[in-house]
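Colleague: I should be grateful for a close look at the metal site in this structure. Please set out its surroundings in a manner that a first-year student can follow.

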Amino acid sequence: MFKLESLPYSFDALNPYIDAQTMELHYTKHHQGYVNNLNATIKEYSELEGKTLAELLMNISSLPVGAQNSIRNNGGGHYNHTMFWKMMTPDAKVISSGKLYDAILDKFEGFDLFKAAFENAAKTRFGSGWAWLVVDQESGELEVYSTANQDCPIMDKKFVILGLDVWEHAYYLQYQNKRPDYISAWWNLVNWEFVEENYRQILGL
Ligand code: MN
């Protein structure tokens, strides 16, 4: 059975950039819902028991047809949100050095250009989805892109480095229709220490 990990901070810790009510609903209703539905599917298809979430998501087309949509939506939702909570912190610091920082400068020719590309992916994702900084598993290169719904980059053979939830449930109570304001405020919360560590582990640096 998959479990909802505890949040690494309180619901009100990300104020003023994300309000407590949004955090509480997002974590206790939305994320918990993905976990519950994922577990219900595993229970129904017992051949899926014991597989890791990554194993399930990387091989969706080989799963029982009746389980595929649920694994994609609920398994993806669980994976994405588990990473998302850890990628934020009330004690965020700016990033100005390190392996990931250097790789970003190399790939995007400047940190501001990276931010602009990421923000563009977040703003232009139509409807519900996520913006991502990923490492492509074949090329080893950083990439910015977005996914629809709860689709997870590991379904596309890409490792998650940094992600932003742009579903309306992530911002609408506080920002209403102003998604760009939520996106620019969110940079103040990025836990670059975690993100850098995650990047180094993935690349074995
Ligand atoms: Mn969400």
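Modeller: His 169 has a relative accessible area of 17%, and because the limit for a buried residue is under 20%, His 169 counts as buried. The model discussed here is a predicted one. His 169 binds the manganese ion through its NE2 atom, and the other protein donors are His 26 (NE2), His 81 (NE2) and Asp 165 (OD). These donors lie 2.0 to 2.1 Å from the ion. Along the chain they follow the spacing H-x54-H-x83-D-x3-H. Asp 165 is buried as well, with a relative accessibility of 0%.

The parts of the chain that supply these donors may be followed outwards. Strand 3 covers residues 158-165, and the donor Asp 165 is thus numbered at its end. At the other end of the numbering of strand 3 (158-165) comes Lys 158, which is buried at 11% relative accessibility. Lys 158 pairs with Glu 143 in a salt bridge, where the closest N and O atoms are 2.9 Å apart. Glu 143 belongs to strand 2 and Lys 158 to strand 3, so this pair links parts of the chain that are 15 residues apart. Glu 143, in contrast to a buried residue, is partly exposed at 25% relative accessibility. Asp 136 joins Glu 143 and Lys 158 in one network of salt bridges that share partners.

Between strand 2 (142-148) and strand 3 (158-165) runs a loop that holds Lys 157. Most residues other than glycine have a negative phi. Lys 157, however, has a positive phi, near 60°. Its relative accessible area is 41%, which means that Lys 157 is partly exposed. A second positive phi, near 50°, is found at Gln 176. Gln 176 is placed in the loop between helix 6 (172-175) and helix 7 (179-186), and at 34% relative accessibility it is partly exposed.

The nonpolar interior completes this view. The largest nonpolar core has 50 residues, and those touching the most other members are Phe 114, Leu 133, Leu 142, Leu 162, Tyr 182, Trp 186 and Trp 192. Strand 1 (residues 129-136) gives the most to this core, with 6 residues. Beyond its neighbours within four places in sequence, Trp 192 is in contact with several residues, including Leu 162, Phe 114, Phe 111 and Trp 187. A second core, separate from the largest, has 15 residues, among them Phe 2, Leu 57, Leu 63 and Ile 71.

Two further features concern the earlier part of the chain. Helix 1 covers residues 20-44, and Pro 16 lies in the segment before it. Most peptide bonds are trans. The bond that joins Asn 15 and Pro 16, however, is cis, with omega about 0°. Glu 5 forms a salt bridge with Lys 86, at 3.3 Å from N to O. Glu 5 lies in the segment before helix 1 and Lys 86 in helix 3 (residues 65-86), so the salt bridge ties together parts that are 81 residues apart in sequence. Both side chains are partly exposed: Glu 5 has a relative accessible area of 40%, and Lys 86 has 28% relative accessibility.

Conventions:
Residues numbered from 1 in each chain as written. Predicted model: local features only at pLDDT ≥ 70, side-chain atom pairs only at ≥ 80, totals over all residues. Heavy atoms only, no water. Core = buried A, V, L, I, M, F, W, Y, C linked by side-chain atoms within 4.5 Å. Buried < 20%, exposed > 50% of the residue type's maximum accessible area, 1.4 Å probe, protein only. Helix = DSSP H or I, 4+ residues; strand = E, 2+ residues; numbered from the N terminus. Contact = heavy atoms within 4.5 Å. Donors = N, O, S within 2.8 Å, 3.2 Å for Na, K, Ca; no water. Salt bridge = Lys/Arg side-chain N within 4 Å of Asp/Glu carboxyl O.
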